[in-house]
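Please look at the following structure before reading on. This report describes the arrangement of its parts in running text.

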Amino acid sequence: MTEVYFVRHAQSDNTVRDDRSRPLTDEGMNDTRSVAELLKSRNVGFIASSPYIRAIDTVGLYSLWTGLDVNIYEDLRERSAGGWHGDRFFDFIQKQWADFDYRIEGGECLREVQERNIRVLKKLLAEHDGENLAVITHGTALSTMLNYYYPRFDFESFRKIVNFMPFVIRLDFEGDTPVNYQVELIIHIKYKN
């Protein structure tokens, strides 16, 4: 059996609009200790991460403790929303969940996000059969992977995890088929306006 610990990054600074360089907040950095302690207790031996700073920093302490490399996979990045961060962003997200092919110019649809993330995951499952691994990613990216295996994971399910940073869910796989899932860690954040 392969245990995959999907880790949504810790709280990031939402005043920084550049997805790649958005850092963690001080609280987010503090919360990385909880992630590191969990991964250590589960003997995670391989780390795959989105290339975005907030994802890499979420697993940085665990990497430091264990000496494990953080292996970067471009396709684990978050969905490109086409540069839009408007006040009606949730309306946009709801449209995307209602139609996995919906996009705005310069952005990705959820089907594209899901396909690229699942492609990486299946590669990791084939290469690390029987191991415990961590996949460090983002809310939408993680949600599309959960939806792939559990189609009932929908927009309402996504809404429930929006303020969980970090959020860790373990899926146990036999080959590339999930046989069990378990929520391992939830830290509920509140952004200050």
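Helices, of at least four residues, and strands, of at least two, are DSSP runs numbered from the N terminus. By this numbering, D129 has its place in the loop between α4 and β4. The model described here is predicted.

**The sheet**

Six strands form an open sheet in the order β3-β2-β4-β1-β5-β6, and their pairing is mixed. The edge strands are β3, residues 70-72, and β6, residues 177-188, each of which pairs on one side only. On average, and with direction ignored, neighbouring strands of this sheet are turned by 20° against each other. As a general background, the strands of a sheet pair through backbone hydrogen bonds, either parallel or antiparallel.

Two antiparallel pairings involve β5. Strand β1 (residues 2-8) is joined to β5 (residues 164-174) by seven bridges, and these two strands run antiparallel. Strands β5 and β6 also run antiparallel, and nine bridges join them. The table lists residues of these strands that face each other.

| Residue | Partner and its strand |
|---|---|
| E3 | D172 in β5 |
| R8 | F167 in β5 |
| I169 | V183 in β6 |
| F164 | H188 in β6 |

Is strand β5 largely enclosed or not, and how many of its residues are buried? Of the 11 residues of β5, 10 are buried, so the strand is largely enclosed by the rest of the structure. A residue counts as buried when its relative accessible area is under 20%.

Strand β5 also holds P166. The peptide bond from M165 to P166 is cis, with omega near 0°. In general, most peptide bonds are trans, and most residues other than glycine have a negative phi. The hairpin of β5 and β6 has two residues between the strands, and G175 in this hairpin takes a positive phi near 65°.

**Helices on the sheet**

Helix α2, residues 53-66, packs on the sheet and touches β1, β2 (46-49), β3 and β4 (132-137). The direction of α2 makes about 165° with that of β2. Helix α4, residues 110-127, lies across β1, β2, β4 and β5. Its run makes an angle of about 145° to β1.

Helix α1 (residues 26-41) contains 16 residues. From its first C-alpha to its last, α1 reaches 24 Å, which is close to the 22 Å expected at 1.5 Å a residue. Which residues of α1 are buried? They are G28, D31, T32, V35, A36, L38 and L39. These buried residues pack against β1, α2, β4, β5 and β6.

**Two loop residues**

Just after α1 comes N43, which lies in the loop between α1 and β2. Although N43 is not a glycine, it has a positive phi of about 55°. Is N43 buried or exposed? With a relative accessible area of 60%, N43 is exposed, because a value over 50% counts as exposed.

D129, in the loop between α4 and β4, is likewise to be judged by this cut-off. Its relative accessible area is 54%, and therefore D129 is exposed. When neighbours within four places in sequence are left aside, D129 is in contact with T2 and G175. The residues D129 and E174 lie 45 residues apart in sequence, while the C-alpha to C-alpha distance between them is 8.4 Å.

**Aromatic rings**

How many aromatic pairs does the model contain? The count comes to seven. In one of these pairs, W97 and F100 meet edge-to-face, at 5.5 Å centre to centre and with 75° between the planes. The pair is edge-to-face because planes over 60 degrees apart are counted in this way. Both W97 and F100 are buried. Ring pairs link W97, F100 and F158 into a cluster.

A further arrangement concerns W65, since K40 lies over the face of this ring, at 5.8 Å from the ring centre.

Conventions:
Residues numbered from 1 in each chain as written. Predicted model: local features only at pLDDT ≥ 70, side-chain atom pairs only at ≥ 80, totals over all residues. Heavy atoms only, no water. Pairing = 2+ DSSP bridges. Axes fitted to C-alpha atoms, helices over the stretch in contact; angles between N-to-C directions. Contact = heavy atoms within 4.5 Å. Phe/Tyr/Trp six-rings, centres within 6.5 Å; stacked < 30°, edge-to-face > 60°. Buried < 20%, exposed > 50% of the residue type's maximum accessible area, 1.4 Å probe, protein only. Lys NZ or Arg CZ within 6 Å of the ring centre and 35° of its normal. Expected span 1.5 Å × (residues − 1).
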